[in-house]
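Here are a few short exercises to work through with the structure open beside you. Try each task before you read its solution.

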Amino acid sequence: MSYLLSKSQKHGQIQHITPENANWEYVGFDAYLLSKGEEITLESGTNELCLVFVAGKGNVITPTEVFENIGNRSTPFEKIPPYALYVPHHYQLKVVATEDLELAVCCAPSNGDLPLRLIKPQEIGVEKRGVGNNQRLVHNILPETEPADSLLVVEVFTDEGNTSSYPSHKHDQKDSPNETYLEETYYHRFEHAQGFAMQRVYTDDRSLDECMAVYDKDVVKVPKGYHPVATIAGYNNYYLNVMAGPVRKWQFTWESDHAWVNSMAYSEKFK
């Protein structure tokens, strides 16, 4: 199995990605499956957090505010923007599942003084990208236009038989404004639990070249290189992306061999 692939546990904390176990510097990611009535306590420490209510509902109890029954989806495949919660550093909170809850906790370093804030579905930008067999639906949960110190958080829906994170692109150079260094995780879900997709992570010189069969609730770690996803017939795919690095901007480079898929020549095929 590839060292870039993290398989899920069955219940409770099903994913746990840290800078230490990922061998990088910025991105952390946890996912939880909680039954009704179960609870977890989170401490942000020197990090900021973005809690994404992937499915189900829960109460969030903090020292200053209580948010009741947050959540609006029974499954991410309803394809409506979720609720999320931005949590500043040195903050403690408790999450109590008021029904079965799938919760993602996105994490990155922070030294700012931004306030705790609820991110409502109507505040999340919805974007359709691509044409033909390269179409996907994007929910910009915490984009660079919204306040945070390090985190960028987005969810992407890719229908069966399509590609996404494509044409292949990378963001592994500290060369802003041309390209920024951003570590990234992909938390994958499938509309049918037995489904899978293929994800490749590779560099120009092929010193890194990993192709993985990715199943429900797996996480793929992208330390560098290109990282396209290809879905399989019969299985619609969802993934939640977390990115962070020293500069909070998503500036990337297309792989030149495949950049033509962005061109009119490709889109004309579907008119």
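**Exercise 1. Find how strand β19 pairs with its neighbours.**

Start with strand β24 (residues 237-244), which pairs with β19 in the antiparallel sense over eight bridges. To place yourself in this pairing, find E184: its bridge partner in β24 is M243. Now turn to strand β22 (residues 219-222), which is joined to β19 by four bridges and also runs antiparallel to β19. Here a handy landmark is Y186, which stands opposite V220 in β22. Please keep in mind throughout that this is a predicted model.

**Exercise 2. Decide whether the faces of β19 are covered or open.**

In a regular strand, side chains alternate between the two faces of the sheet. Sort the residues of β19 accordingly: E183, T185, Y187 and R189 lie on one side, while E184, Y186, H188 and F190 lie on the other. Next, check burial, for which the cut-off is under 20% relative accessible area. Every residue on both sides passes, so both faces are covered. Counted along the strand, eight of the eight residues of β19 are buried.

**Exercise 3. Trace the salt bridge that R189 makes, and the network around it.**

Side chains of opposite charge can pair when their charged atoms come close. R189 forms a salt bridge with E102, with the closest N and O atoms 2.8 Å apart. The pair links distant parts of the chain: E102 sits in strand β10 (residues 101-109) and R189 in β19 (residues 183-190), 87 residues apart. Both partners are buried.

Now look at another pair, K170 and E179, whose closest N and O atoms are 3.0 Å apart in their salt bridge. K170 and E179 are both buried. Returning to R189, shared partners join E102, R189, D216 and K217 into one network of salt bridges. The whole structure holds 12 salt bridges.

**Exercise 4. Classify E127 as buried, partly exposed or exposed.**

First find its partner: E127 forms a salt bridge with R129, the closest N and O atoms being 3.1 Å apart. The relative accessible area of E127 is 30%. Buried needs under 20% and exposed needs over 50%, so E127 is partly exposed.

**Exercise 5. Work out the strand order of the open sheet that contains β15.**

This sheet has four strands in the order β15-β23-β20-β21, with antiparallel pairing. Its edge strands are β15 (163-164) and β21 (209-215), each pairing on one side only. For β15, the neighbour is strand β23 (residues 229-231), paired over two bridges in the antiparallel sense. Within that pairing, S164 has V229 as its bridge partner in β23.

How values were computed. Residues are numbered from 1 along each chain as its sequence is written. This is a predicted model: local features need pLDDT of at least 70, side-chain atom pairs count only at pLDDT 80 or more; totals for chains, interfaces and linings use all residues. Side-chain values use heavy atoms; hydrogens and water are left out. A salt bridge is a side-chain nitrogen of Lys or Arg within 4 Å of a carboxyl oxygen of Asp or Glu. Buried means under 20% relative accessible area, exposed over 50%, partly exposed in between (1.4 Å probe, protein chains only). Two strands pair if DSSP finds at least two bridges between them.
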